[in-house]
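Colleague: I am new to this structure and would be grateful for a close look at a single part of it. Please take me through that part step by step.

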Amino acid sequence: MNPLARLRELIGSVIRSKVAGPDAEAREARIWGADGERWHAPDDVIWAVNRDAAMYAGGVRALLLQALHPSAMAGVAGHSGYRSDPWGRLQRTGEFIAMTTYGPIPAAEELIGRVRAVHERVRGKTDDGTPYRASDPHLLAWVHAAETASFLASYQAFGPRRLGPGEADQYVASAAPAGELLGAVDLPRTEADLLAAIEAYRPELRASAAAVDTVDFLLRTPPVPWPGRIGYWMLAAGAISTLPRWVREELKLPTSRWFDRLVGLPLGGFATRVARWAITPPTTREERARA
């Protein structure tokens, strides 16, 4: 195996171990290897978007955006274990997205049922004493909207090609049913309606102390070994550059167009291309021979 192939295998194995966890093979068997009808077909837009490396920047973007809702942030800070077990939380989220996108319908429904049961137990108060519960349809709709918009925005910025308006609408529509099975109601089916829904939440959003702490954790002291932090920071810079200006202002993140043009978008694109190259197995005879 030549040095480039070894580097590809090393980076790919590290990414897979962090995203999928130590039982990656068993998870893949449950999702990809099991027989049965799926909600989505290989030619659906959601199939391509949710499998691309742009999802890594999208995940960071979603966490930053979701942090602006005090109730969502209180639930994460108080119940998710994101500090004590950040990779476990990432792996559970990744499994949910993968199962509901690519897995057999019965297995996807079973997983959704387990998540709903967890949500029923998660409740408390925000920093200003406002009660919240994770099963609240309004709160679930916010989490879904922030996540869907982030995955779409990151794919549009860093994916292998840009989706047309009809394809973007198809992605939003395809993502909605799983969110509604979790308990959200009447989720958006078009990109325009999705962005309008996020705008409608703005009066509720603010950078709480927990949100500021989470941003610091994600961007300044991420749970990433030092050899991988440069790549992570590149993805995070890309994620920041795709956020709306008002979100960045609230979270005190860079808002300059020069940051976007010279730092965020180029570095995010480079890191995504490297990750995509690393997790995609060689496909041609020439690539296999070089490996």
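Is W32 buried, partly exposed or exposed?

Modeller: The model is a predicted one. In it, W32 has a relative accessible area of 34% and is therefore partly exposed, since only values under 20% count as buried and those over 50% as exposed. W47, by contrast, counts as buried, with a relative accessibility of 15%.

These two residues also belong together as a pair of rings. The structure holds four aromatic pairs. For W32 and W47, the ring centres are 5.7 Å apart and the planes stand at 80°, so this pair is edge-to-face. Because W32 belongs to helix α2 and W47 to helix α3, the pair ties together parts that are 15 residues apart in sequence. With Y102, the residues W32 and W47 make up one aromatic cluster.

The loop between α2 (24-33) and α3 (45-49) contains R38. Leaving aside sequence neighbours within four places, R38 touches W32 and Y102, among others, and its further contacts are I31, G103, P104 and I105. R38 is buried but has no salt bridge; D35, the nearest side chain of opposite charge, is 6.1 Å away, whereas a salt bridge requires a distance within 4 Å. The side chain of R38 does meet backbone oxygens: a polar atom of this side chain lies 2.7 Å from that of I31, and the side chain reaches the one of A34 at 2.9 Å.

Conventions: Residues are numbered from 1 along each chain as its sequence is written. This is a predicted model: local features need pLDDT of at least 70, side-chain atom pairs count only at pLDDT 80 or more; totals for chains, interfaces and linings use all residues. Side-chain values use heavy atoms; hydrogens and water are left out. Helices (H or I, at least four residues) and strands (E, at least two) are DSSP runs, numbered from the N terminus. Buried means under 20% relative accessible area, exposed over 50%, partly exposed in between (1.4 Å probe, protein chains only). Lys and Arg count as positive and Asp and Glu as negative; His and the chain ends are not counted. A polar contact is a pair of N or O atoms within 3.5 Å; within protein, one must be able to donate a hydrogen and the other to accept it, and residues adjacent in sequence count only if both atoms are side-chain atoms. Contact means heavy atoms within 4.5 Å. Rings of Phe, Tyr and Trp (its six-membered ring) pair if their centres lie within 6.5 Å; planes under 30 degrees apart count as stacked, over 60 as edge-to-face and the rest as tilted.
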